[in-house]
Amino acid sequence: MIVSTEVKTIDLRLRVNGKEVAASIEPCALLLDFLRDQLGLKGAKRSCDVQVCGTCTILLDGAPVSGCCTLAYEAHNRSVITIEGLTQNGILHPIQQAFLDASAVQCGFCTSGMVLTVKSLLAQYPQPTTAQIKAYLDGNLCRCTGYWNILTAVRQAAQVMASTGALSP
Amino acid sequence: MLAPFEIHEPATVSEAVDMLTHYDEDASIYAGGTELLLIMKEGLVHYPHLVNIKTIPQMDAIRLGIDEQRLKIGAQATHRQVEQSSLVQEHIPLLSEAAAQIGNLRVRTTGTIGGNLCFAEPHSDPATLLLACGASLDLSGTNGVRTVPIEDFFTGLFETARKPDEILLAISVPILPVGSGSAYSKFSIHARPTATVAVILHMQDSIIDSARVALGSVGPTPVRVVQAEEILRGEKPGDELFAAAAAHAQAATDAVDDIYGSAAYKAHLAQVLTQRALEQAATRAGAGDRVH
């Protein structure tokens, strides 16, 4: 088995939270490390490191992926949204506001992943059923609040977004 | 942390086969990466060269076969694509249903059906279901394309009949005829299931004229429970018949004690889940008007 000591890099171009980014990365760089360490975006968290817990959830072309198990290479010429991209001009995204209003946050470690998963849910199902909410959030674990308030927050966010026509970002 | 590697981007299947042949043991196919990156991060394997076959066009297409008797599912189709495909929903609805239960949304978004089969994780949902479906796999390598029945594909724990230079192109799944009923029963306490059972029945005049029963997660590979299939054939559905078939499933488990449960518990689950799947499949088949 040959392990090359010579490190080749890739020129990565992508859009992060609406801004064009160019960076040089190693092929083995994980998207989570790239975002946290190279771009300083610390909203996505490393926890289980095996795609189970959801704290590292980010949106890649609108679809939720685990930053801990996705190569940064995969983001080339694509769009990445992290939790930092949701607040516009100091105003919380309706999903973030609903999480606050419904007390769906306790320690907050899982929240950025939850909110981004809900963002992709509401993009596909603006008025989701409870089954659809659960199917989406099944892979985002919370170890302090329990899930009841989170379900409430999702329903409130859906309502607010429908009434204000707020679909993006 | 991942040890360094290079990523290669073949434009065609033959280019990818050439790369795999050239780098040999130093190369791995890289598709969704959901399984591969996990074991690479753990340091269980290291490949200095990853061949990214997602760059090959059309590898994720889901279409009807020319004979319109089978669905051809491109190996690069993600679980999410399989779940949401209207062709899959119409012709093999259970495959869509089972795809929706794999891992979590993020895994389904990136993981591919072909990668799942080639990794041969013993708890694979698609493997068990496709075994019940009687699927076959198209593989392309240095010696051309060959088709392998799924029953011959899984050779052991994480082992398949795929040769190192071969790429899985597509999975060919026979379309279920009207009068078929299928069911997938699963028990999970962790991310991966403890026991899974897939059943496909076909009924004619209230008699089961064909039955396929596959058992997963309770041995190194998914297995067909042929004895259960034999006693079901030619019979009227009923509790006693299903109990007898389920007993064969219990006997067919080749389980070990692990974090998912004891061997005895898994055998018990195999029996319970088989009984439930048979009841559900028979009810769906009895409805008779379309494929369930």
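Q: How many residues of domain 1 of chain A are in contact with residues of domain 2 of chain A?
A: This is a predicted model, in which local features need pLDDT of at least 70 and side-chain atom pairs count only at pLDDT 80 or more, while totals for chains, interfaces and linings use all residues. The domain assignment of chain A, with bounds from an automatic or database domain assignment, gives domain 1 (10-85) and domain 2 (94-164). Two residues are in contact if their C-beta atoms, placed from the backbone, lie within 7 Å. On that basis 13 residues of domain 2 of chain A are met from domain 1 of chain A by 15 residues.

Q: Which strand gives the most to the side of domain 1 of chain A that touches domain 2 of chain A?
A: Residues are numbered from 1 along each chain as its sequence is written, and chains are lettered from A and ligands numbered from 1 in the order in which they are written. Helices (H or I, at least four residues) and strands (E, at least two) are DSSP runs, numbered from the N terminus. On this side of domain 1, β3 (57-60) and β4 of chain A each supply at least two residues. With three residues, the one that gives the most is β3(A).

Q: In what order do the five strands of the open sheet in chain A lie?
A: Two strands pair if DSSP finds at least two bridges between them, and the pairing in this sheet is mixed. The edge strands, each pairing on one side only, are β2 (19-25) and β4 of chain A. From one strand to the next the twist averages 40°. The order is β2-β1-β5-β3-β4.

Q: What is the bridge partner of Arg15(A) in β5(A)?
A: Strand β1 (residues 10-16) of chain A runs parallel to strand β5 (residues 79-81) of chain A, and two bridges join them. In β5(A), the bridge partner of Arg15(A) is Ser79(A).

Q: At what angle do α3(A) and helix α5 (residues 148-164) of chain A pack?
A: Axes are lines fitted to C-alpha atoms, for helices over the stretch in contact, and angles run from 0 to 180 degrees between N-to-C directions. Angles under 35 degrees count as roughly parallel, over 145 as roughly antiparallel, 65 to 115 as roughly perpendicular and the rest as oblique, and α3(A) and α5(A) are therefore oblique to each other. Met114(A), Val118(A) and Leu122(A) in α3(A) meet residues of α5(A) that include Ile150(A) and Met161(A). With their axes 11 Å apart, the two helices pack at an angle of about 45°.

Q: Which residues in α2(A) meet Thr111(A), Val115(A), Val118(A) and Lys119(A) in α3(A)?
A: The axes of helix α2 (residues 94-101) of chain A and α3(A) come within 10 Å and cross at roughly 125°, and these helices are therefore oblique to each other. The residues from α2(A) that meet those four are Ile95(A), Gln96(A) and Phe99(A).

Q: How many residues of chain B are in contact with chain A?
A: Chain B is divided into domain 1 (6-52), domain 2 (62-174) and domain 3 (180-287). From chain A, 26 residues take part in the contact, and the number from chain B is 20.
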